[in-house]
Amino acid sequence: MRNNLDRHLAAVRNLGILAHVDAGKTTVTERILYATGTTHKRGEVHDGTTITDFDPQERDRGITIFAAAVSCDWNGHRINLIDTPGHVDFADEVERALRVLDGAVAVFDAVAGVEPQSESVWRQADRHGVPRIAFVNKLDRAGADLDTAVASIRERLHPVPLVVQLPIGTEEGFTGVVDLLRLRALTWSDGDEAVEADVPRRLREEALRRRRLLEETVAERHPAALEEFCDRERLSAETLTVALRDLTRTGDGVVVLCGSAYRNRGIEPLLDAVVDYLPSPLDVSAAGGIQQGADRMRAGVDGMRHAVDGTTHPADPAAPFAALAFKVSATPTGRLTYLRVYSGTIEKGDTVWESGTGRTERIGRILRVQADRHAPLERAVAGDIVAVIGLKAARAGSTLCSPEAPLVLEPPGVADPVVSVAVEACRSTDTGRLASALARLAEEDPSLVVRTDPETGQTVLSGMGELHLDVAVEKIRRTLALDVNVGRPRVSYRETVVRGVSGVVFRHVKQDGGAGQFAHVVIDVEALDEGFEFRSAVVGGRVPQEYVRAVEAGCRDALAEGPCGGHPVTGLRVTLTDGATHVKDSSETAFRTAGRGALREALRTCAMVVLEPVVEVTVTVPEDAVGGVLGDLAARRGRVTGSVARGGSAVVTAAVPLAELFGYATRLRSRTQGRGTFTARPTGYAPAPAPVAP
């Protein structure tokens, strides 16, 4: 029984397709589905007929926006594949996918080589320790060159490239590849099947040279291969395969293949490489988790999840159930929760413990996912990536496990949002629907943050970039037929006193029958570094203490709107110096009104200035882009406070007005080819260059 379980897990591959936008990820995925017989027609991105880019916005824009899961079979192996977005605005989708994957195929453009987002997703995979193989795509394009692309991989990403193929033909004449392990040629013509033959005579010498270079590179890094190489001065194909598998899984090397996905050339060898080199769930360390109740860390080693107290959760279907939710999606058929099952077995109708709420939930249905198509399953076992219906509280990052063995797995990280917009319903009657829609968006995508600005009252939607927010708002418009206005968030300005005044007299008298209102106050106003202070210098009891408190309350009321632009007022001290009362008509209400009127009149007399919020921006960019970034910060009225070099990058800190940061994320990415990042934190207020209208 145990051997059967191990054989099942050994035949599973959970992998993602990673790349820069337009490198051909989705086309590679489509050709994999076609080559494995999962689909019978090749989907095309430009025609909007792909399986994984099924969302209307993806088809309209021609890019992958949402990570899509599909499954297929190849040579007796089950491949669970996630096609991830390539645009920097959707890097959080990649982060959640990498958290649950065992391996990845990194796709590179044969003309452009390593592009900015290629570098970003590669670093993300490094952080998660995900083994990778590389596929150099688009070898049929003008200017395509495998060696140049491999050189950029070596120089920009710093792995050891292990090239196992030699292209046959160049650019338009690219027809196939030479397998350097078996020294056989694979060519594709107009048909879908590869034709295997001897290596063409004109390429044989070059193939032997590259095979020798591969043997030497592998022998330098693999002890068993080195031993055979020293004994025989060559490596067999079997030894090379084993060594390449070991080097891939340890991260000491990256196998490089090539082809043209659009022309369906090189896909079958890529699938063979996925099976031969990328790990199964048995080959990777299980994710760490905290055992609930004991607050002790569990560490995974050799496919086993070990607790400090000696209990284990092996990666097999017979162990206690443990899974991580990495994506939540609302569909017409219900709320889908995507799971990676790490151990145990789950069946329809089972009860699981959910880490977020600490409550149990029932699994309604289990589905095998094919992008937007779903096939029902009776059960899911360790190593599976499936979707379930019936969970109400689970979110991306939630742990689902057996109630008898509760634990919490490490959730995927969530990046801080960098761009915000203000959103409001065009019709006031739709405000409630908009609030519900925004809450659902934030539930599906943790990198979206919805908040209400306490000062402006605006609903603010924050995300990873302007395209990210545009997609989110468009989703509301399309799915709910809801008219939404989107605008720049209002900045919370302040007004402060630069030069005060003394002896401002205000008398409040009101008589309209019955008891009247009377209050007489005299105040001084002076500048203060920050905040608001009130004190009384009245002597002789001319203003009773309860009326003094009413005057202070009235002054605080007046702080809500300043004379320059209706902004809140800060940075002043008010002193009540004198006053008078009436035996019948004076009251707390009258003195509160007098205090409010006195301060408003005083502020119109004071020298005032408008303050704008300032944030400290920390920008990390390649050293060759520092000049452009500094110029852009200066154009945004930024004041550079520091700059240090750190590992080939420059870290620049600057104080920048918040109003100037709108659109900065997009501008920074444009100036640095997507390699620049920044963080911002509020530091206070500074005088604005000119009065700002409310």
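**Exercise 1. How many residues of strand β5 (residues 132–137) are buried?**

Solution. The model is predicted.
- Step 1. Take the strand as a whole. β5 is mostly covered, with 6 of its 6 residues buried.
- Step 2. Split the residues by direction. Arg132, Ala134 and Val136 point one way, and Ile133, Phe135 and Asn137 point the other way.
- Step 3. Compare with the general pattern. Side chains in a regular strand alternate between the two faces of the sheet.
- Step 4. Find the neighbour. β4 and β5 run parallel and are joined by 6 bridges. Opposite Ile133 in β5 stands Val105.

**Exercise 2. Describe the largest nonpolar core, then the second one.**

Solution.
- Step 1. Count the residues. The largest nonpolar core has 42.
- Step 2. Name the residues with the most contacts inside it: Val105, Ile133, Val218 and Leu244. Val105 and Ile133 are the facing residues from Exercise 1.
- Step 3. Ask which element contributes the largest share. Helix α10 (residues 267–277) does, with 7 residues.
- Step 4. Look around Val218. Leaving aside residues up to four places away in sequence, Val218 touches Leu162, Ala225, Leu235, Leu240, Ala243, Leu244 and Leu247.
- Step 5. Turn to the second core. A separate set of 32 residues includes Leu448, Val473, Val617 and Phe678.

**Exercise 3. Work out how strand β7 (residues 165–168) is oriented and paired.**

Solution.
- Step 1. Sort the side chains. Gln165 and Pro167 point one way from β7, while Leu166 and Ile168 point the other way.
- Step 2. Check burial. The four residues Gln165, Leu166, Pro167 and Ile168 are all buried.
- Step 3. Identify the partner strand. β8 (residues 176–179) runs antiparallel to β7, and 4 bridges join the two.
- Step 4. Pick out one bridge. Ile168 has Gly176 in β8 as its bridge partner.

**Exercise 4. Explain why Arg99 counts as having no salt bridge.**

Solution.
- Step 1. Place the residue. Arg99 sits in the loop between α4 (91–98) and β4 (103–109).
- Step 2. Note its setting. Arg99 is buried.
- Step 3. Find the nearest side chain of opposite charge. Glu410 is 5.1 Å away.
- Step 4. Apply the cut-off. A salt bridge needs the nitrogen and the carboxyl oxygen within 4 Å, so Arg99 has none.
- Step 5. Look for another partner. The side chains of Arg99 and Tyr342 share a polar contact of 3.0 Å.

**Exercise 5. Analyse three salt-bridged pairs and one network.**

Solution.
- Step 1. Begin with the total, which comes to 49 salt bridges.
- Step 2. Take Glu44 and Arg31. Their closest N and O atoms are 2.9 Å apart. Glu44 lies in the loop between α2 (25–35) and α3 (56–61), whereas Arg31 lies in helix α2, 13 residues apart. Both Glu44 and Arg31 are buried.
- Step 3. Take Arg209 and Glu206. Their salt bridge spans 2.7 Å, N to O. Both lie in helix α7 (residues 201–221), 3 residues apart, about one turn of the helix. Arg209 has 47% relative accessibility, so Arg209 counts as partly exposed. Glu206, at 24%, also counts as partly exposed.
- Step 4. Take Asp632 and Arg636. Their side chains meet at 3.1 Å, N to O. Asp632 counts as buried because its relative accessibility is 8%. Arg636 counts as buried at 12%.
- Step 5. Finish with the network. Salt bridges link Asp92, Glu93, Arg96, Lys327 and Asp445.

Key
Residues numbered from 1 in each chain as written. Predicted model: local features only at pLDDT ≥ 70, side-chain atom pairs only at ≥ 80, totals over all residues. Heavy atoms only, no water. Core = buried A, V, L, I, M, F, W, Y, C linked by side-chain atoms within 4.5 Å. Buried < 20%, exposed > 50% of the residue type's maximum accessible area, 1.4 Å probe, protein only. Contact = heavy atoms within 4.5 Å. Lys, Arg positive; Asp, Glu negative; His and termini not counted. Polar contact = N/O pair within 3.5 Å; in protein donor to acceptor, adjacent residues only side chain to side chain. Pairing = 2+ DSSP bridges.
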